[in-house]
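Trainee: I would like to learn how the terms used for a model are justified, step by step. Could we take them one at a time?

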Amino acid sequence: MQRVLITGASRGIGRAIAEILATPQTLLLLHGRDQQALEETAAACKQAGAKAELLICDLSKPALVERMIDQISTSPLDVFVNNAGVGMVNPLEQMTREEWDLTVAVNITAPFLLYRGLVPTMPSGSSVVNILSGAAKSGIPGWSSYCMSKFAMDGFAKAVREELRAKGVRVINIYPNATDTDIWEQVPGDWPREKMMRPESVATAVKAALDQPPNIVVEDISLGIIQGRL
Ligand SMILES: NC(=O)c1ccc[n+]([C@@H]2O[C@H](COP(=O)([O-])OP(=O)(O)OC[C@H]3O[C@@H](n4cnc5c(N)ncnc54)[C@H](OP(=O)(O)O)[C@@H]3O)[C@@H](O)[C@H]2O)c1
């Protein structure tokens, strides 16, 4: 049985990843805050024959993250999908300290704690997948705190990838561009959601990377619509 942790599995990209990885050989540890939404993800995964357990945790609270790590670390993970994230969009002069701190807590500090608590026991052939963003590769006006967090995790994950090579643990970075999920509901502006990628396209890329033989690491996958950035 493959033990797979997905953070932010209650909706959007995380939910699509959970559904595509659900097989009778998978135990999915589905993380989020919204219990009802997580139960819907779990029900869809169970239909595919997977087992599923829910982990409810607010990633902005490090003490709760440490408690969740204790719950998970009873046995090693085979796959860790670091997906949960927030996007606070505001020009520099309007950005609040609270928005900055929340972005750091959810997008950087919680993944660091999860990595430190869970990755060292992952066996050879296991994989860590980071859902980063096109915002990890170039600056986008109004998205400075989000870009900061994604650039930071990109550098962190690339360094950890080098540390883990000798152990045979793969670190895979995925860089999606605009994807039609709820994250866009808080973004000011009139965004053409119908032109965006579907979360299932990101999930398909994750599965393709995981399906490689264990001695192959797909290091980076960038994904976007053919017309370019929206
Ligand atoms: N959509 C895009 O255009 C896009 C593009 C590139 C990269 N990404 C990245 O993809 C990842 C998933 O985003 P999405 O688009 O699927 O967004 P989404 O639909 O808004 O989902 C975000 C997920 O993160 C969880 N989350 C947010 N804040 C949390 C907190 N404080 N504690 C615990 N969980 C929290 C949410 O859980 P609850 O709902 O249960 O609170 C939810 O499951 C993010 O890292 C995002 O930066 C998205």
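**From contacts to pockets**

Mentor: Let us begin at the ligand, where one of its oxygen atoms is 3.1 Å from a polar backbone atom of G8. Before we judge that value, note that this is a predicted model, in which local features need a pLDDT of at least 70 and side-chain atom pairs count only at pLDDT 80 or more, while totals for chains, interfaces and linings use all residues. Residues are numbered from 1 along each chain as its sequence is written, and side-chain values use heavy atoms, with hydrogens and water left out.

Trainee: What makes the approach of G8 to an oxygen atom of the ligand a polar contact?

Mentor: A polar contact is a pair of N or O atoms within 3.5 Å; within protein, one must be able to donate a hydrogen and the other to accept it, and residues adjacent in sequence count only if both atoms are side-chain atoms. The G8 pair, at 3.1 Å, therefore falls within the limit. A polar side-chain atom of R11 meets the limit too, lying 2.5 Å from an oxygen atom of the ligand. For L59, a backbone N or O atom lies 2.8 Å from a nitrogen atom of the ligand.

Trainee: How many residues surround the ligand, and which are the closest?

Mentor: There are 32 residues around the ligand, and the closest are R11, R33, N83, Y146 and T181. A residue is counted if one of its heavy atoms lies within 4 Å of the molecule.

Trainee: What is the space called the largest pocket, and how much room does it hold?

Mentor: On a 1 Å grid over the protein atoms alone, a pocket is an open set of points with protein on both sides within 12 Å along at least five of seven lines, a cavity is a set where a 1.4 Å probe fits but cannot get out, and lining residues have an atom within 4 Å of a point. The largest pocket holds about 1100 Å³ of space. Its lining is made up of 46 residues, of which G85, V86, Y146, T181 and I183 are the closest to the centre. Two or more lining residues come from each of α1 (12–21), β2 (26–32), α4 (97–118) and α5 (144–164), and α1 gives the largest share, three residues.

Trainee: How does the lining of the largest pocket divide into nonpolar, polar and charged residues?

Mentor: It has 22 nonpolar, 17 polar and seven charged residues. The second largest pocket, with about 310 Å³ of space, is lined by 21 residues, and those closest to its centre are Q2, L21, V79, L210 and D211. At least two of its lining residues come from each of β1 (2–6), α1 and α6 (199–210).

Trainee: How many cavities of 30 Å³ or more does a search of the whole structure find?

Mentor: The search finds one, and about 60 Å³ of space lies in it. Its lining includes N83, N107, I131 and K150, and α5 gives the most to that lining, with three residues. By class, the lining has five nonpolar, four polar and one charged residues.

Trainee: N107 lines the cavity; is N107 buried or exposed?

Mentor: Buried means under 20% relative accessible area, exposed means over 50%, and partly exposed lies in between, using a 1.4 Å probe and protein chains only. N107, found in helix α4, has 4% relative accessibility, so it counts as buried. The C-alpha atoms of N107 and I131 are separated by 10 Å, although these residues are 24 apart along the chain.

Trainee: Why is D101 called partly exposed?

Mentor: D101 also belongs to helix α4, but its relative accessibility is 35%, and so it is placed between the two limits. Its C-alpha lies 9.3 Å from that of S145, 44 residues away in sequence.

Trainee: How do you know whether T179 is buried or exposed?

Mentor: T179, in the loop between β6 (170–176) and α6, has a relative accessible area of 4%, so it is buried. A polar atom of its side chain lies 2.8 Å from the backbone oxygen of N177.

Trainee: Why does C45 form no disulfide with C57?

Mentor: A disulfide is a pair of cysteine sulfur atoms within 2.5 Å. The closest cysteine sulfur to that of C45 is in C57, 19 Å away, which is too far for a bond. By this rule the count comes to zero disulfides. C45 is itself buried, at 0% relative accessibility, and C147 is buried at 6%.

How values were computed
Grid points are joined across faces, edges and corners, and a volume is the space filled by probe spheres set on the points. Helices (H or I, at least four residues) and strands (E, at least two) are DSSP runs, numbered from the N terminus. Ala, Val, Leu, Ile, Met, Phe, Trp, Tyr, Cys and Pro count as nonpolar, Asp, Glu, Lys and Arg as charged, and the others, Gly among them, as polar.
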